[in-house]
Amino acid sequence: MAVKIIMPQGGQDITEGYVVRWFKREGEPIRCGELLCEVETEKAVFEVESPSDGVLLKIVAAAGTKVPIFAVIGVVGEAGETLDLDRLLSEPAAAQKPLDLSAIRSRLPDAGDPAGDRPKITGRARKLAAEKRVDLSGVTGSGPQGRITEKDVLIHVEKRKLSVQALRGQAKPLSRMRQAIARRMVQSKQTIPHFYVTVSADVTAALALRERLNRETGAAVSITDLIVKATALALRENPAVNCRLLEDQIVYLEDVNVGIAVNLDDGVLVPMVARADQLALIDIARRSRELAAGARQGKLAMTEPACFTVSNLGMSGIEAFTAIINPPETGILAVGGVQKRPMVRNDTEICIRAMLTMTLSVDHRVVDGALAATFISRVKHHLENPEGLTA
């Protein structure tokens, strides 16, 4: 029986991907779980495995082809099987979709219809634009009804070269990941009214707990893991922060999924620790290491979207900063480095304590100042009373 191979989504807000290469030719035998091809989205590169034994009956999307997510890129079936490709391609693939966020995105403010917003373009022009990494939104079409032609793309490329030559320096095209980051950050700042609150937490006891856990269990709990756990507990205690804005409705989410910003050579990814409020601290540490490694290797598995993000730049010597919310999330916690500071205790004693500064950015359309203050105060409480992090 013929089985369709589809383009995986590979992360939230992904609408299309590229087939990088095929490991098998049409007609070659393939075993279940064996690598079929490699695909790339703006977030990562994924290896696609065969879902069954058989042969590669048809390569629908050749290497270098850009296709929408969930589109059929190939077909695996039995040797000698008669393939009705038109019928197979016309069948709905909804059951095969691991996670379709299009319904949610279409209801977000200014989300629109991605397909309807695309410029009209000829096939040759689209292929050339992909090869030259041309953003079609900046190309003016000269064809019928404003259709973009191959000539329009070539003119745009030449204009770009002349513009670069007028500057002293070296031009480098934006990667697909950097384009996605730019698009989402502009969307965030233009559509989300950010509101900020900042606190400093005494993490002396939390660091002592971390050292003891790592010594006794052999785990590698990091400061970020402590903060993720504290944040997850605060989200569970304040469900009004664990939400999404969809048009004129606020959707309160059942699961507490916390994203962790991971720095890469070419940008930032936000892998997600699912149901972090229910995980032990050691399990969060293990999962965060796996996610960070997968992000840096470009092999992150498809996951549910995060509801909130933690971004820690303390390891870079940063004392404090403010972060931009990652849509469609409602908040992000920016964490600075641990510093030894003199503190007054009991109004009579001055002692040196390990202090950590955190700044919360929230969407002011759904989270008011008092709620933001309550939430970050609970994060601080859990860090300053770390015994609750191991419960």
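**View 1. Y196 and S361 face each other across the β9-β18 pair.** In this predicted model, Y196 stands opposite S361 in β18. Here β9 and strand β18 (residues 349-363) run antiparallel and are joined by nine bridges. Step back a little, and the pair belongs to an open sheet of six strands with mixed pairing, in the order β9-β18-β17-β16-β12-β15. Two strands, β9 (194-202) and β15 (272-273), stand at the edges with a single partner strand each, so one side of each has no neighbour in the sheet.

**View 2. Helix α7 lies across four strands of the six-stranded sheet.** Follow α7 over β12 (258-260), β16 (308-312), β17 (331-345) and β18, and you will find the helix running at about 155° to β16. For a small detour, look at the loop between β16 and β17, which is the place of P328. A cis peptide bond joins P327 and P328 there, with omega about 5°.

**View 3. Helices α7 and α9 pack against each other.** Two packed helices are described by the angle between their axes and the distance between the axes. For α7 (residues 223-237) and α9 (residues 369-384), the angle is about 135° and the axes are 8 Å apart. That angle makes α7 oblique to α9, and the crossing is right-handed. On the α7 side, the residues in contact are L226, I227, A230, T231, L233, A234, L235 and E237, and they meet F375, R378, V379, H382 and L383 in α9. Sorted by type, the residues of this contact are nine nonpolar, two polar and two charged.

**View 4. A second open sheet has four strands.** The order is β1-β8-β6-β3, and the pairing is antiparallel. At the edges stand β1 (3-6) and β3 (29-30), each with a single partner strand, so one side of each is left without a neighbour in the sheet. Within the sheet, β6 and β8 pair in the antiparallel sense over four bridges, and L56 has V76 in β8 as its bridge partner. The loop between β7 (66-68) and β8 (72-77) is the place of F70. Have a look at the backbone of F70: phi is near 70°, a positive value in a residue other than glycine.

**View 5. G54 in strand β6 meets residues from elsewhere in the chain.** This glycine lies in β6 (residues 54-59). Leaving aside residues up to four places away in sequence, G54 touches E28, P29, I30 and G77. The C-alpha atoms of G54 and V76 are separated by 6.5 Å, although these residues are 22 apart along the chain.

**View 6. Strand β4 pairs with both β2 and β5.** Strands β2 (residues 16-22) and β4 (residues 35-40) pair in the antiparallel sense over four bridges, with Y18 opposite E40 in β4. The pairing of β4 with strand β5 (residues 45-49) is also antiparallel and covers five bridges. In that pairing, L35 stands opposite E49 in β5.

**View 7. Residues 94-117 have pLDDT under 50.** The mean pLDDT of the chain is 86, and 89% of its residues reach 70 or more. Over residues 94-117, however, pLDDT stays under 50, and the model has 34 contacts beyond four places in sequence for this stretch. Where pLDDT is low, the predicted coordinates should not be read in detail.

Methods
Residues numbered from 1 in each chain as written. Predicted model: local features only at pLDDT ≥ 70, side-chain atom pairs only at ≥ 80, totals over all residues. Heavy atoms only, no water. Axes fitted to C-alpha atoms, helices over the stretch in contact; angles between N-to-C directions. Parallel < 35°, antiparallel > 145°, perpendicular 65-115°, else oblique. Left-handed = near helix turned anticlockwise from the far one by under 90°. Contact = heavy atoms within 4.5 Å. Nonpolar A, V, L, I, M, F, W, Y, C, P; charged D, E, K, R; others polar. pLDDT = per-residue confidence, 0-100. Pairing = 2+ DSSP bridges.
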